[in-house]
Amino acid sequence: MRRTVGALLRKELLVELRTFESVPGMSLFAVTTFVVFHFALNRSSVEGDLAAGILWVTLLFAAILGANRLFVADADQGGFDGFLLAPVDRSAMMVAKVLTMLAYLVVLELVAVPAFAILLLGPPLGPALPQLIAVLALGDIGIAVIGTLVGALAVQTRARDLLGPLLALPLLVPIVIGGARATAPLLAFSHAGGVPARWLLTLGLYDLIFGLIAYALFDFLLED
Amino acid sequence: MSAVLVLAEVPALPLNEAGKYVAAAYIVLVIIILIYVSIMAIRLSRIERELGELLELSGAPKPEPEPAALAAHQESTPA
Amino acid sequence: MYGKGLRSLSIVTVAAMALALSLVFFYAPLEAEQGFLQKIFYIHVPLAIIALCGFVVGALFAIAHLRTRDSSWDMRSYVTIHMSLIFAVGALITGSIWAKGSWGHWWVWNEPTLVSFLIVFLLYATYQPLRFAIEDPERQSRYASVFAITAGAFVPMNFIAVRLSTAYLHPRVLGGTSNLPGSMRLTFMVSLAAVTLLFVTMCKYELTAKHTRAQVRALRRRLVGEDGSPARRGRTAVPAMGTQAAGRSGL
């Protein structure tokens, strides 16, 4: 199983490195969205709740863009069939896709968070950075799991570009709640202590439950 | 006489502010059920029409409209 | 036979509804704070609870479908989710009316139940478009079941998350069901039972109607042959139904 996942993951990352289909687009989208927010809100600097909200919404939409593309190549060019023929555990594809999405998200955040700190964020990011990374990591896992599940669901439908975001957004609301509430004190001028544990628990619980569900259900999406 | 006039003025329900909202909420329930009933009625007439066509196609004689007593008797004995 | 027992069920439903409504308006006392407006509670909360349970039951039927590949389970899942969506709309509307009466706004963000509902509603509103968008019936049923299970697991998770996010900031607007005086609790229980019966009756009604239509279509195919049946009007989200195996045990 581990070797299958490793092989699939290497394939995904190689394809992405050669074609640059997803990650540059996602990152560019995030930076552009920050600029749009500046004009839409008419603010030069944001902090606290507002900053957390802008960051998470932007990350979310950029992630959905990426998740939409996750299975398109497989569906259009027979990748599913090839995989189904191989004598391997089918859930390996799910694990590989989640890890791929996670990798995309990490790169996205490496670009988007500094951009956010430069363009819009009022308070300095330095002291809160470790905690911010922890929150982002937990949120990323949830986004990756849901993005993979919804991507697989939507890719076989007719209106795949519309249905993907439509399915994913309500499912990701708890991530937004947990992530934004956890990030808000980190991005405030008065660093009021750390992240309340409640939100980390929420994110962790969400990741665990939906990770298990996606793992159990993914097989059923692959049959043909 | 004046008592009757006063009674005529008093509304049947407490139709102050709160009463209107409560009535609206329960009316929503009634409307949901009624909309469903009407959808089912449309479906039923469609099925009736289709079955009529199929009866014609199969060449069976058309059922005569039954007298009410016979229909009631048919319904009470379980099919 | 999906319709077996539908008649007795509907009679019991009517009786329960009549009893519930009588209790609400003639027996339950006026509440201290909200007065007459509080009576919406007896219709809003049962609608909400039943809708949520319906979504979870729909997920359970979906699990049965994936396990047994019997399309009658998928039909039950579809009908249950569809009906729960309608009840959820009812819960949202009645909740909105209650909010307007209590606070003067048609929508309040600090009532966690309403907010969770909105999210759940938005999620399940994609169920039918999802089905519409997949043409192959077997795949449609399979994907719909996966969605139903995911969404069913989402419902409790969502409630926890939303409640956490609002609890410590604002007091609950519309009040919960804890510490109700006895007469109110009785009225609430009867209302809950009545709405449950209404839900089950409507689902059974819907299943019977769909089954009947499938039987008519099968009869048409047998009498006329494949090319005789008229093309299905437009696309359909309705799962394909077998006529023999399906519904032998009723609902």
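Chain C of this predicted model has a mean pLDDT of 83, and 84% of its residues reach 70 or more; pLDDT is the predictor's own confidence in each residue, on a scale from 0 to 100. The weak spot to keep in mind is the stretch of residues 243-251 of chain C, where pLDDT stays under 50. For that stretch the model has 20 contacts beyond four places in sequence, a contact being two residues whose C-beta atoms, placed from the backbone, lie within 7 Å. Chain B averages a pLDDT of 77, with 63% of the residues scoring at least 70. Within chain B, helix α2 (residues 17-58) has the highest mean pLDDT of the elements, 90, and helix α1 (residues 2-9) the lowest, 56. For the model as a whole, the scores are ipTM 0.84 and pTM 0.83.

A word on bookkeeping: residues are numbered from 1 along each chain as its sequence is written, while chains are lettered from A and ligands numbered from 1 in the order in which they are written. Since the model is predicted, local features need pLDDT of at least 70 and side-chain atom pairs count only at pLDDT 80 or more, whereas totals for chains, interfaces and linings use all residues.

Chain A is built from 9 helices and 0 strands, where helices (H or I, at least four residues) and strands (E, at least two) are DSSP runs numbered from the N terminus. Read from that end, the elements go α-α-α-α-α-α-α-α-α. The radius of gyration of chain A is 18 Å, close to the 17 Å that the globule rule gives for 224 residues, so chain A is as compact as a globular protein of that length. (The radius is taken over C-alpha atoms, and the rule is 2.2 Å times the number of residues to the power 0.38.) Along its principal axes, the C-alpha trace of chain A spans about 55 × 35 × 30 Å. Of the contacts in chain A between residues at least 6 apart in sequence, 87% join residues at least 24 apart. As for burial, 46% of the 224 residues of chain A count as buried. Here a residue is buried if 20 or more other C-beta atoms lie within 10 Å of its own, exposed if 12 or fewer, and partly exposed in between, with C-beta atoms placed from the backbone.

Chain B comes to 3 helices and 0 strands, in the pattern α-α-α along the sequence. Of its 79 residues, 6% count as buried.

Two loop residues of chain A have backbone angles worth a look. A:F20 is not a glycine, yet has a positive phi of about 50°. This residue sits in the loop between α1 (2-19) and α2 (23-41) of chain A and counts as exposed, with 10 C-beta neighbours inside 10 Å. A:N42, also not a glycine, has a positive phi of about 55°. Its place is the loop between α2 and α3 (48-69) of chain A, and with 7 C-beta neighbours inside 10 Å, A:N42 counts as exposed.

On to the contacts between chains. The contact between chains A and C takes 24 residues from chain A and 24 residues from chain C. On the chain A side, the elements giving two or more residues are α7 (129-155), α8 (160-183) and α9 (197-222), and α8(A) gives the most, with 10 residues. By class, that side of chain A divides into 17 nonpolar, 4 polar and 3 charged residues; Ala, Val, Leu, Ile, Met, Phe, Trp, Tyr, Cys and Pro count as nonpolar, Asp, Glu, Lys and Arg as charged, and the others, Gly among them, as polar. The contact between chains B and C takes 20 residues from chain B and 25 residues from chain C. The chain B side has 16 nonpolar, 2 polar and 2 charged residues.

Back to α8(A): 18 of its 24 residues are buried, so the helix is largely enclosed by the rest of the structure. From first C-alpha to last, α8(A) reaches 32 Å, close to the 34 Å expected at 1.5 Å a residue, the expected span being 1.5 Å times one less than the number of residues. The helix bends by about 45° at A:L172, and a proline, A:P174, follows within four residues. The bend is the angle between axes fitted to the seven residues ending at a residue and the seven starting there.

Across from chain A, C:L123 lies in helix α4 (residues 112-124) of chain C. Leaving out residues up to four places away in sequence, C:L123 touches A:P170, A:L171, C:A151 and C:F154. C:L123 is buried, with 23 other C-beta atoms within 10 Å. C:F154 is 31 residues away along the chain, and the C-alpha atoms of C:L123 and C:F154 are separated by 9.5 Å.
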